[in-house]
Amino acid sequence: MDKHPFWSALASAAVPYIPGEQPRDRVFIKLNTNENPYGPSPRISADLLAKEPFQLYPEPTCYHLRKVIAEGYGLTEDEVFAGNGSDEVLGFAFGAFGDENHPFAFPDITYSFYPVWTDFWRTIPVQIVPLREDLSIDLKSFPDCDGVSVIANPNAPTGIALSAQVLKDYLAEHPNRLLIVDEAYVDFGAESMVPYIHEFPNLLVVQTFSKSRALAGLRLGFAMGQKELIDALIRIKDSFNSYTVSRLTQVCGALSFEDSAYFNETVSRIMHTREQAKADLRSLGFQVTDSKANFLWVLHPSVSGSDLYTALREEGILVRHFSAPALTDYLRITVGTDEEMEALKKALIKILEKTS
Ligand SMILES: Cc1ncc(COP(=O)(O)O)c(C=O)c1O
């Protein structure tokens with residue numbers, strides 16, 4: 001625990017999340033933070049800046065944006081909550097639904113922000129559930145008591161997805177547990193739980209504009225669930241900052257959401273590139289999970305994750321390496337353009353030749 005005489009107990013005890021590197025000094029082929037290589041919808045253009053009355057605060061509830069999302073998904077506006085990136089939405093959800101009487105459970109290998117939030121809100125007991133040997137999430141090992149289960153689907157960093165049927169069975173069997181499904185990567189080939197929101201009062205789905213809609217730099221995420229769940233998120237947000245989503249972000253988010261042609265085209269390009277990259281990496285001897293996300297989770301039997309990370313960096317390619325013991329052998333590689341993945345393959349051939 002770090003300490004300073006002016007720091008509160010909260011600041012002293014915080015164990016912050018460490019985001020992936022955003023290099024300032026050098027241009028890399030950047031395959032380390034699961035950004036989308038194609039950029040956002042072309043409907044987002046510079047003239048939007050001239051049209052917005054930036055002297056005015058944004059609409060605090062993001063009404064128009066929520067309406068567009070709700071219409072797109074067959075929900076009502078009061079079943080949608082928008083926030084400054086899905087990190088903020090998830091962070092609020094941990095505070096809205098977790099305390100000593102509402103313990104959390106999530107897998108041992110998953111998005112590494114989850115334990116940061118349970119620590120930050122301070123009173124949330126946590127049960128960590130091991131993945132199966134094949135690295136899939138085992139919902140049967142989650143506790144039965146009242147509380148909250150959190151999963152990313154597809155999971156990060158493995159990319160492995162559970163089917164909607166498995167999640168529906170879980171929701172029906174555990175009406176006493178809230179299930180938060182973090183669908184940051186769902187658009188790249190997994191089944192969304194949004195169609196089941198009206199069926200299950202114990203389901204909260206969180207999505208982001210950062211990945212499939214290529215708006216990571218704008219910061220926009222949203223949650224969907226029955227009104228009572230959304231109301232709890234609003235209570236937390238309005239006790240913290242009423243204006244978390246800027247005017248520009250609200251406008252761009254709605255434009256991007258409405259452009260389904262561009263969305264479908266770029267998402268299917270990324271999925272196509274991913275399948276090719278899976279095959280290429282397997283042909284180089286890598287073990288590659290069956291990722292349904294815009295990244296690959298790979299392990300080479302003879303070269304360590306950290307050696308590969310360093311060697312790729314020297315070749316001008318940035319990927320993500322995690323130092324946690326369960327993850328250290330692996331690399332997480334974002335799916336870029338076909339050209340970027342070709343450059344990755346060439347660099348890996350060179351590195352593997354040198355080490356054999
Ligand atoms: C599983 C998962 N959930 C949520 C997020 C947060 O995304 P954002 O805050 O950009 O919406 C990420 C970011 O990489 C992620 O991997």
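Two strands pair if DSSP finds at least two bridges between them. The exercises below concern a predicted model.

**Exercise 1. The sheet**

Determine the order of the strands in the open sheet and identify its edge strands.

*Solution.* Begin with the pairing: E9 and strand E10 (residues 295–299) are joined in the antiparallel sense over two bridges. Within this pair, Val 288 lies opposite Val 298 in E10. Next, extend the view to the open sheet, which consists of three strands in the order E9-E10-E12 with antiparallel pairing. Strand E9 (287–288) and strand E12 (330–334) each pair on one side only, and are the edge strands. Finally, consider the helix on the sheet: helix H9 (residues 260–283) packs there and touches E9 and E10, its direction making about 10 degrees with that of E10.

**Exercise 2. Two helices**

Classify the crossing of H4 and H7 as roughly parallel, roughly antiparallel, roughly perpendicular or oblique.

*Solution.* The axes of H4 and helix H7 (residues 227–237) come within 9 Å and cross at roughly 105 degrees. Angles of 65 to 115 degrees count as roughly perpendicular, and H4 is therefore roughly perpendicular to H7. The contact comprises seven nonpolar, one polar and two charged residues. Among them, Phe 92 and Phe 97 belong to H4, while Leu 233 and Ile 236 belong to H7.

**Exercise 3. The ligand shell**

Which helix gives the most residues to the shell around the ligand?

*Solution.* The ligand is surrounded by 13 residues, the closest being Gly 85, Ser 86, Asp 87, Thr 208 and Ser 210. By class, the shell holds five nonpolar, six polar and two charged residues. Helix H4 (residues 85–97) gives the most, with three residues.

How values were computed. Residues numbered from 1 in each chain as written. Predicted model: local features only at pLDDT ≥ 70, side-chain atom pairs only at ≥ 80, totals over all residues. Near = placed C-beta within 6 Å. Helix = DSSP H or I, 4+ residues; strand = E, 2+ residues; numbered from the N terminus. Nonpolar A, V, L, I, M, F, W, Y, C, P; charged D, E, K, R; others polar. Axes fitted to C-alpha atoms, helices over the stretch in contact; angles between N-to-C directions. Parallel < 35°, antiparallel > 145°, perpendicular 65-115°, else oblique. Contact = placed C-beta atoms within 7 Å.
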